[in-house]
Number of protein chains: 2
Amino acid sequence: MAGTGQRVMVVKSGGPSAVPEWREHFRVLLPDTELRCWTEPGNLADIGYALVWEPDEGRLAAMPNLRLILSSAVGVEHILADRMLPRHLPILRTVPGEAADQMAEYVAWAVLHLHRGIPLLQEQQARGHWQFHDPPLASARRVGILGLGSMGARCARMLAGIGFRVSGWSRGRKAIADVACHAGQGELPRFLADLDIVVCLLPATPETRGILGTENLARLPRGACLVSAGRGQQVPERDLLAALDAGQLSRAVLDVFENEPLPAESPLWRDPRIIVTPHVASLPSREARARFIADAIRRFEQGEVLPTLYDPALGY
Amino acid sequence: MAGTGQRVMVVKSGGPSAVPEWREHFRVLLPDTELRCWTEPGNLADIGYALVWEPDEGRLAAMPNLRLILSSAVGVEHILADRMLPRHLPILRTVPGEAADQMAEYVAWAVLHLHRGIPLLQEQQARGHWQFHDPPLASARRVGILGLGSMGARCARMLAGIGFRVSGWSRGRKAIADVACHAGQGELPRFLADLDIVVCLLPATPETRGILGTENLARLPRGACLVSAGRGQQVPERDLLAALDAGQLSRAVLDVFENEPLPAESPLWRDPRIIVTPHVASLPSREARARFIADAIRRFEQGEVLPTLYDPALGY
């Protein structure tokens, strides 16, 4: 099956209706690949590759010749949730350049929106009220990014290009031109204390769970703003609402939530201090993801090291 | 009065309450300057400089030793409206670097807001409705800027840095890296025909009056978006509403209006397709403007050529 021959890939991502689109892309990108739907996988011994988002528990373990698990997006937490996951298999995180570009566009929008006080101007518009405000220049606005992977680094560079004073924080030390890079738990309090706007782009790991809860939100200067576009579990919603009520946070732009889709009864929908977007910050097209995956499979079969594999030591 | 001695400057900008702030800035920046309020100008023969926005008709003509008229902002149309204006005197347009930076931040926000479909997401939030959309990447979005002066050029560079496909149009030919520059009336139709988002930053002149009326709006691709931050007279509001009703335009972000403040009865306030901001795109601080003006006065007194003088041949 390997290298030169026929590949068999089973797909569970985007529902059964997405399979024809994946098939169309891979027909061009990896012509020797047979694509099978998750619900009709045929002989499980044929399957070498599984392209999945939320695999049903135990199904991957039942594929005896599986060689590589392909996450259909950047996250892997839905795959790790399978308690019978064959832990010895490599898992590819799908991070096309497009994903970082889209995230940077979204973050640039959200930061400019907060920086220029647009929510207040929109409230004025609703009341037919004409009033100037004097925002500082971007060069006087301190923006900090939690998470400096490919997405965070791209966002930091774009924000610095717009003119913001950008700093960043990550587990291990990074170096990005024009961006003050902090690292590790020990440097987190000082990083947070010097921000007007904090942007969370961390991966979902046990360590990042609840990282922007009451304790760390209290380290921000009073009245700071939040942009949350990593994973919802990083910002406990009860703590967020308490910080807004206390004036510790003034506004928040949220793209990710503890439960998605955000339930109809959530108070976040109707909170005037909160902008809700439906997990759209980074939505690379299936075509872009198929291109990334096809390239990774070709490299994998040639024995190359894949740079975006899940690393159990890091948790992402 | 000139050069080495005492300067007398009369001020009408921001109302009488602004005079103490102007005085404070100039006390530091030009220590030999006496500042007088427009309403108590003293001996008119003393006055060498007039810092004005809307001078009362005939008042400047009554100052026999006036040497330089200082507009308190980038526009000069309120000064030219004085039918008794001493036409032989130079008029300084006040364009600190801060003004272009602020305009570029605003335009970047407005273009990203439209590009990422945020108005639709905000309508969804109001209804508690969770739904994805697939915007193209910025690199597939064609943004065109009308007006490539210091502000337009700065905006074009910032948008290109974010990743948009940027073109521009101006009366005379300009050259800006990574921006396709069109020039003159003859190239306007083709420029407009190739845009998803058009940004108007033109100066107020007889030629630019009504430039984005029905005829030129019809040259845009159907469903294009508009950002208007030059002068309100450039976008006739009746034509704008008709283009929105017809689906020729899909959305507009407006910072300038035919009448400002926008009257309470204007239909623009409540139109869900329109975002109204109260002429805040570029509001450099009095301190930044005072710095620019102080520098210009020093250069003027040393016989240097001032680069931002009103040019009657250009109309701005």
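**Stop 1: where the two chains meet**

Start by colouring chain B and chain A separately and looking at the place where they touch: between them they bury about 4100 Å², 62% of it on carbon and sulfur atoms. Keep in mind during the tour that this is a predicted model. The contact takes in 49 residues of chain B and 49 residues of chain A.

Now select B:Arg116, B:Gln125 and B:Trp130. In chain B, these three lose the most area to chain A, and together they account for 20% of what that side buries.

Next, look for the charged pairs. Two salt bridges are found across the interface of chain B and chain A. For one example, show the side chains of B:Glu105 and A:Arg116, which meet in a salt bridge with an N to O distance of 3.3 Å. Side chains of opposite charge can pair when their charged atoms come close. If you turn to polar contacts, the count between chain B and chain A is 23 residue pairs.

Which elements of chain B give two or more residues to the side that touches chain A? Select helix H3 (97–115), helix H4 (118–127), helix H5 (150–162) and strand E12 (274–276) of chain B, and you have them. H3(B) supplies the largest share of that side, with ten residues. If you colour the touching side of chain B by residue class, you get 26 nonpolar, 13 polar and ten charged residues.

**Stop 2: a five-stranded sheet in chain B**

Hide chain A for a moment and stay with chain B. Here you can pick out an open sheet of five strands in the order E2-E1-E3-E4-E5, with parallel pairing. Why do strand E2 (33–37) and strand E5 (91–92) of chain B each have one side without a neighbour in the sheet? They stand at the edges, each with a single partner strand, so one side of each is left free of a neighbour there.

Zoom in on strand E1 (residues 7–12) of chain B, which runs parallel to E2(B) and is joined to that strand by five bridges. To see one pairing, click on B:Val8: the bridge partner of B:Val8 in E2(B) is B:Glu34.

Then add the helices. Helix H1 (residues 19–29) of chain B packs on the sheet and touches E1, E2 and strand E3 (49–52) of chain B. The direction of H1 makes about 175° with that of E2(B). While you have this helix selected, show B:Glu24 and B:Arg27, which form a salt bridge whose closest N and O atoms are 2.8 Å apart. The two residues are three apart in helix H1 of chain B, so about one helical turn separates them. They belong to a longer list, as a search of the whole structure finds 44 salt bridges over all chains.

Helix H9 (residues 286–301) of chain B is the next selection: H9 lies across E1, E3, strand E4 (68–71) and E5 of chain B, running at about 155° to E3(B).

**Stop 3: a seven-stranded sheet in chain A**

Bring chain A back and follow its strands in the order E8-E7-E6-E9-E10-E11-E12, which form an open sheet of seven with parallel pairing. Strand E8 (180–183) and strand E12 (274–276) of chain A are the edge strands, each pairing on one side only. On average, neighbouring strands of this sheet are turned by 15° against each other, direction ignored.

Select strand E6 (residues 142–146) and strand E7 (residues 165–170) of chain A: they run parallel and are joined by five bridges. Here A:Leu146 stands opposite A:Trp169 in E7(A).

**Stop 4: some backbone details in the loops**

Most residues other than glycine have a negative phi, and most peptide bonds are trans. With that in mind, visit A:Pro261, in the loop between strand E11 (249–254) and E12 of chain A. The peptide bond from A:Glu260 to A:Pro261 is cis, with omega near -10°.

Then move to chain B, where B:Pro261 is found in the loop between strand E11 (249–254) and E12. A cis peptide bond joins B:Glu260 and B:Pro261, with omega about -5°.

End at B:Asp178, in the loop between strand E7 (165–170) and strand E8 (180–183) of chain B. Phi of B:Asp178 is near 65°, a positive value in a residue other than glycine.

Definitions and conventions
Residues numbered from 1 in each chain as written. Chains lettered and ligands numbered in written order. Predicted model: local features only at pLDDT ≥ 70, side-chain atom pairs only at ≥ 80, totals over all residues. Heavy atoms only, no water. Contact = heavy atoms within 4.5 Å. Buried area = accessible area lost by both parts, 1.4 Å probe. Salt bridge = Lys/Arg side-chain N within 4 Å of Asp/Glu carboxyl O. Polar contact = N/O pair within 3.5 Å; in protein donor to acceptor, adjacent residues only side chain to side chain. Helix = DSSP H or I, 4+ residues; strand = E, 2+ residues; numbered from the N terminus. Nonpolar A, V, L, I, M, F, W, Y, C, P; charged D, E, K, R; others polar. Pairing = 2+ DSSP bridges. Axes fitted to C-alpha atoms, helices over the stretch in contact; angles between N-to-C directions.
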